[in-house]
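Trainee: I'd like to learn how to read a chain-to-chain interface and the helix packing around it. Could you walk me through one?

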Amino acid sequence: MKLVRTKKPKTYIPTASMADIAFLLIVFFMITTKYDVDKTHLMLPGTTVREQVQKDSAIIVAVYSKSLGDVQIKVSDGKEPSRTVGSIDDVLSFAIQLAEQDPEKNFIIKADRELRYEVVDKIFDSLRQADVRNIYFLSVQKSEGA
Amino acid sequence: MKLRNRQEEPEIPTASMADIAFLLIVFFMLTTVFSVTKGLDFALPEEEEIPDEIKKEESIHVMVQASGALLVDQKPLEMEELLAYVKEVLTSDANGDGVPDNPNKPVIIQTDPDAKYQYMMDVFDELRQAPEKIDMAIKNIAIPTQREIDALFEF
């Protein structure tokens, strides 16, 4: 009696498209990657209403630094990485300089939500004295119930 | 004698291409930062729109205390009651002619210097939600600085 051997089908995963998908993902990330001018980690205040800030807006960053034991102020014109300034008084000269070059320049205040309002008030006042017209308070989306 | 010309077929090894591709993917995934690019905007009015002085009775004064509690026109109010009060004031019709007396009354947000920044943003955000919550927009929201308050207001 002849026994018929059943042929086991060989499994095969086609990988021809794997490289295509990989390159598509690369192109996606290359296009969407943005290099922030400021990478300071802080807790932004939460708001429900939010509007898109304009590109190349100047940024004033205020965060409490444990290592310094004081508030750290950084500024950026929106094109170059942010740099630390000595005090809030330097914000005024920075804002005046930028406002003279472009009166319609937008400014962003990026401050930690736990910061004393007095610090933000001084920054805001410096911008007002420099006749800055458009100011954005950077925020994160407020979660429901927060 | 049979001669066979063996032509070597050129071949580019692509075995490592997928490896390099995945390495690049991992690199970009790690370096991609989803930056926060939204916030509350505050646009100053044009120079001709700025009044010389705002009288106390011509505005709604919201005082944010250090604890986060609110005093609206010298009365304590919860955040949930703020917009209802603002609407009542902006739509008030004292002379009974059917037209609100002053629908353009500015709402002034004054924050205690020791209060947290989040508290001021909470009030500002609440007022900006007026079109959705009370079906009317608050046309003038002012956030005077301490220097301006010291110079202009007497409370």
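Trainee: What area is buried between chain A and chain B?

Mentor: Buried area is the accessible area (1.4 Å probe) that two parts lose on being put together, summed over both. Here, chain A and chain B bury about 4400 Å² between them, and carbon and sulfur atoms give 60% of that. On the chain A side, A:Tyr117, A:Arg133 and A:Phe137 supply 18% of the area that chain A buries against chain B, more than any other three residues. Keep in mind that this is a predicted model: local features need pLDDT of at least 70 and side-chain atom pairs count only at pLDDT 80 or more, while totals for chains, interfaces and linings use all residues. Residues are numbered from 1 along each chain as its sequence is written, chains are lettered from A and ligands numbered from 1 in the order in which they are written, and side-chain values use heavy atoms, with hydrogens and water left out.

Trainee: How many residues of each chain are in contact?

Mentor: Contact means heavy atoms within 4.5 Å. By that rule, 46 residues of chain A touch 44 residues of chain B.

Trainee: And how many salt bridges cross the interface of chain A and chain B?

Mentor: Side chains of opposite charge can pair when their charged atoms come close. The rule wants a side-chain nitrogen of Lys or Arg within 4 Å of a carboxyl oxygen of Asp or Glu. It finds seven across the interface of chain A and chain B, and the structure holds 10 over all chains. One of them pairs A:Asp125 with B:Arg147 at 2.9 Å, N to O. In another, B:Arg128 meets A:Glu51 at 3.1 Å, N to O. B:Arg128 lies in helix H3 (residues 117-128) of chain B and A:Glu51 in strand E2 (residues 51-52) of chain A, so this pair joins two chains.

Trainee: At what angle do H1(A) and H1(B) cross?

Mentor: Helices (H or I, at least four residues) and strands (E, at least two) are DSSP runs, numbered from the N terminus. Axes are lines fitted to C-alpha atoms, for helices over the stretch in contact, with angles from 0 to 180 degrees between N-to-C directions. H1 of chain A (residues 18-32) and H1 of chain B (residues 17-31) cross at roughly 25 degrees, their axes coming within 9 Å. That makes H1(A) roughly parallel to H1(B), a label for angles under 35 degrees.

Conventions:
Angles under 35 degrees count as roughly parallel, over 145 as roughly antiparallel, 65 to 115 as roughly perpendicular and the rest as oblique.
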